[in-house]
Amino acid sequence: MGVNLYSSRIILDTLGIEDYGIYNIVAGVIVMFGFLNASMSGATSRFITFELGKGNRDSLLKTFTASLTVHIIIAGIIFILGETFGLWWMNNKLVISPTKLYAAQCVYQFSIITTIISIVQVPYNAMIIAYEKMNIYAFIETFNSLLKLIIILLLNIINYDKLILYAFLVMCVSAIITVIYRIYCINIIGPFKFRFKWHKEVILPMLNFSSWDLYGNMSVIVKTQGVNMLFNLFFGVLVNAAYGIANQVQGAINSFSGSFLSAVRPQVVKYYASEDLEKMKNLMNNSSKFAFILMYILELPFILECNFILNLWLKKVPNYALIFTQLNLIPSLIYTLCSPMVFAIHATGKIKSLSFITGTIYLLVIPFSYLFFKLGYSPIISYIINIILMMFIYFAVTIILQQLLPQLSYGIISLKNAILSLIMVVISSIILNYFHNCFPEGWIRLISTCLLSVLIIPLLSYFVLFDKNIRKKIIKLIINKIF
């Protein structure tokens, strides 16, 4: 997270606010087509993990090769869409200065190649996560962050258009990381021969799953990039830069809870595959709490000290970056609570209701935002709308899971978790805000707020969120670590 935030600061300073905004909006055009890949990657992860949970190696390899075949086809489709509709959109609809148009076109082409590389890599990443090789995942992603630091050095050494050079170097880093993942994945699963073959009995269930997941993933991406384009249409690239900063911070903080939840997802699917629903329920219940705590420990000091951190991090903070960043962190906290429930729904393979309902709620952000922008409201209103709709998504996911797996009796537990989490949020926010106002803005206040966050939130969690069994396990774990 530190490397990503630091590199983002230097990149913004090196490129400038205008070029950074251009990169964010142009690369976002090709990302829009990623909903095809996102839906299939969810299916790939679910089916590979499910076969691994059943312990059938032949079926596992057949599922892997089938998913690789589908991803190659998806890469071809996105390439065609990108070079036709996407290119037309970029040249005719985006608000970009004529002097920057050539650089924007180069960024666009490099972004297409980067996207295609990442698409074909999805089955390999899914295999590593299914085998729960989280240490390797961590090492490779840390190396990925270090390569981004090298990009910064090269931007300042090589005398060429910074925007074009940055997009090219991002593409090269993506290719290097892909090769590393692929080599390690082949070592995990052992020798196998890939054949571009249509395994009907494997691919059709995956396509059926992904066809419903397609709508949900498309909605998330369209919402994200749709709001980005509305910002560009109503307010220009400077607000796009602020939007990009807010998303960078959110992505960096999400990496903590996201990594934790990445380790949880294969376990949830495996428990369902082995029909051990009691362990599945306990894992969902506890992982949502732990993920929430991890996220909140980081988010609360960042929200309270956002102004100081952004000014420390960036030499020039774009307008709206402060409030965008603060508001953007709240939906992530809400979604963290319901992520294990989403994993359980995916494990059943019955995702029609989940995708349609949550996807539709996501999409509502765009028309509501457009309406309020037309009425003269500031871009802040879009984030407020997103927070409100994310609350509806949480309760929708709870209801859907209760209908699919009534034997879990998870609805009441989930609602109780949400209420207790909210109580913890309110209490810890009041305590930290009290101490926060005792010091002037600066390093002392930042450090004290972070330390209090690390102390107060886990302590409140211990008494508010956890039952007796988990408390005993925590105490036992601490004692074992000390002695």
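**Figure 1. Asp276 and Lys279 form a salt bridge in this predicted model.** Asp276 is partly exposed, at 24% relative accessibility. Its partner in the salt bridge is Lys279. Lys279 is also partly exposed, with a relative accessibility of 46%. The N to O distance between the two side chains is 4.0 Å. The model holds 3 salt bridges by the rule applied here.

**Figure 2. Glu305 and Arg445 pair across distant parts of the chain.** The closest N and O atoms of this salt bridge are 2.9 Å apart. Glu305 sits in the loop between α10 (277–304) and α11 (306–313). Arg445 belongs to helix α17 (residues 443–464). In sequence, the partners are 140 residues apart. Glu305 has a relative accessible area of 1%. For Arg445 the value is 10%. Buried means under 20% relative accessible area, so Glu305 counts as buried and Arg445 does too.

**Figure 3. Glu305, Glu441 and Arg445 are linked in a salt-bridge network.** Arg445 meets the side chain of Glu441 at 3.8 Å, N to O. Arg445 also forms the salt bridge with Glu305, at 2.9 Å. Glu441 is partly exposed, at 44% relative accessibility. Arg445, by contrast, is buried. Glu305 is buried as well.

**Figure 4. Six residues make a nonpolar surface patch of about 530 Å².** The isoleucines in the patch are Ile419, Ile423, Ile427 and Ile431. Tyr434 and Phe435 complete the patch. Ile427 is found in helix α16, which covers residues 410–436. The relative accessible area of Ile427 is 34%, so Ile427 counts as partly exposed. An α-helix has 3.6 residues a turn, so residues three or four places apart point the same way.

**Figure 5. Helix α12 kinks at Cys338.** The helix spans residues 321–348 and has 28 residues. From its first C-alpha to its last, α12 reaches 40 Å. That is close to the 40 Å expected at 1.5 Å a residue. The kink at Cys338 is about 45°. The proline Pro340 follows shortly after the kink. Helix α12 is mostly covered, with 24 of its 28 residues buried. Just after the helix comes Gly349, which takes a positive phi of about 85°.

**Figure 6. Gln250 and Ser332 make a side-chain polar contact.** The contact distance is 2.7 Å. Gln250 lies in helix α9, which runs over residues 237–273. With a relative accessible area of 17%, Gln250 is buried.

**Figure 7. Asp467 and Asn286 are brought together from separate stretches of sequence.** Their C-alpha atoms are separated by 9.9 Å. Along the chain, the two residues are 181 residues apart. Asp467 lies in the loop between α17 and α18 (468–482). Asp467 is partly exposed, at 37% relative accessibility.

Key:
Residues are numbered from 1 along each chain as its sequence is written. This is a predicted model: local features need pLDDT of at least 70, side-chain atom pairs count only at pLDDT 80 or more; totals for chains, interfaces and linings use all residues. Side-chain values use heavy atoms; hydrogens and water are left out. Buried means under 20% relative accessible area, exposed over 50%, partly exposed in between (1.4 Å probe, protein chains only). Helices (H or I, at least four residues) and strands (E, at least two) are DSSP runs, numbered from the N terminus. Patches are made of residues with over 30% relative accessible area and no salt bridge: like charges are joined within 9 Å, nonpolar side chains (Val, Leu, Ile, Met, Phe, Trp, Tyr) within 5 Å. Accessible areas come from the Shrake-Rupley method with a 1.4 Å probe; for residues, only the protein chains shown count as cover. The expected span of a helix is 1.5 Å times one less than its number of residues. The bend at a residue is the angle between axes fitted to the seven residues ending there and the seven starting there. A polar contact is a pair of N or O atoms within 3.5 Å; within protein, one must be able to donate a hydrogen and the other to accept it, and residues adjacent in sequence count only if both atoms are side-chain atoms.
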